[in-house]
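Work through the exercises below with the structure open beside you. Try each task before you read its solution.

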Amino acid sequence: IPAYKNDVYVVPDGVATLADGAFRDVRRTRNAFTEIVLPQSLETIEARAFQYCSRLETLRIPANVATVGGLAFIGCDALKTFEVAPENRVLSAKDGLMLSDGGKMFCCVVADQNRRVLKLPEGVERAQSNAVASKKFAELVLPESLTEIKASAFANCENLTTVAIPKNVRYIGGRAFSNSPKLAEIVLKSSATKYESNAFQDVAPNCKIRVDESQTLEPKDDAN
């Protein structure tokens, strides 16, 4: 990574792809900048592109970016300002989350990764594989619009103790909630929900999965 000025690194115009791990671990170098300015030419951000940019505070996604790889923002604990250009036809930002497909796909947590409560907005229908870069939230609120949780979407949630799966969820992929050692209760709001045998692998030893079709989810206030 070349030198930069005033804690801001400007990616040169003409760059179309940020490669896997492009800015990974800059916290270990002198290039621990607080803002990265992306060019209008950018179209693809590959996996782990910004991994552990621990001083990064501001990031704006240009209009032409259509693809963002898994775990692209993991470890960006200082990131507070995250925006997607309004002209972007694929991606959008809401409450520090990145969405795609007109807000129907939850892609990942980008800003405020140390939040205590992760609440997905109503209208989200699918949670993407490896969606969660934050491991610190203790409460997960899923919307009634959700229909599918893809593989490893909420894996490695170290402080999550319970989760309620909305009634419209029809499928939960492999290892969707795996490696969540405090997860002791999973409540399925519908007996029609199907899940892979390893969807809840390596959770609390006494974890119980129960079906409760009598209750409706009551969204809780987001307390960061």
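The exercises cover confidence, overall make-up, two sheets and the aromatic rings of this predicted model.

**Exercise 1. Confidence**

Task: Find the mean pLDDT of the chain, and the residues over which pLDDT stays under 50.

Solution:
- Start with the whole chain. Its mean pLDDT is 89. Of its residues, 88% reach 70 or more.
- Now look for the weak stretch. Over residues 216-224, pLDDT stays under 50.
- Check the contacts there. The model has 17 for this stretch beyond four places in sequence.

**Exercise 2. Overall make-up**

Task: State how many helices and strands the chain has, and what percentage of its residues count as buried.

Solution:
- Count the secondary structure. There are zero helices and 19 strands.
- Turn to burial. The cut-off is under 20% relative accessible area. Of the 224 residues, 48% count as buried.
- Add the surface. The accessible surface is about 10500 Å², and carbon and sulfur atoms hold 45% of it.

**Exercise 3. The sheet of four strands**

Task: Give the strand order of the open sheet with four strands, and name its edge strands.

Solution:
- Read the order across the sheet: β1-β3-β5-β7, with parallel pairing.
- Find the edges. β1 (8-10) and β7 (81-84) each pair on one side only.
- Note the twist. From one strand to the next, it averages 15°.
- Zoom in on one pairing. Three bridges join β1 to β3 (residues 35-37). V8 has E35 in β3 as its bridge partner.

**Exercise 4. The sheet of three strands**

Task: Why is one side of β2 and of β6 left without a neighbour in the sheet?

Solution:
- Set out the order. This open sheet runs β2-β4-β6, and the pairing is parallel.
- Look at the edges. β2 (17-18) and β6 (67-68) each have a single partner strand, so one side of each has no neighbour in the sheet.
- Check a pairing. Two bridges join β2 to β4 (residues 44-45). L18 has I45 as its bridge partner in β4.

**Exercise 5. An aromatic pair**

Task: Classify the ring pair of F23 and F50, and say which parts the pair ties together.

Solution:
- Begin with the total. The structure holds ten aromatic pairs.
- Apply the test. The centres of the F23 and F50 rings are 5.5 Å apart and the planes are at 5°, so the pair is stacked.
- Locate the residues. F23 lies in the loop between β2 and β3, and F50 in the loop between β4 and β5 (58-61), so the pair ties together parts 27 residues apart in sequence.
- Check burial. F23 and F50 are both buried.
- Widen the view. Y9, F23, F33, F50, F73 and F82 form one aromatic cluster.

Conventions. Residues numbered from 1 in each chain as written. Predicted model: local features only at pLDDT ≥ 70, side-chain atom pairs only at ≥ 80, totals over all residues. Heavy atoms only, no water. Pairing = 2+ DSSP bridges. Axes fitted to C-alpha atoms, helices over the stretch in contact; angles between N-to-C directions. pLDDT = per-residue confidence, 0-100. Contact = heavy atoms within 4.5 Å. Buried < 20%, exposed > 50% of the residue type's maximum accessible area, 1.4 Å probe, protein only. Areas by Shrake-Rupley, 256 points an atom, 1.4 Å probe, with all protein chains shown as cover. Phe/Tyr/Trp six-rings, centres within 6.5 Å; stacked < 30°, edge-to-face > 60°.
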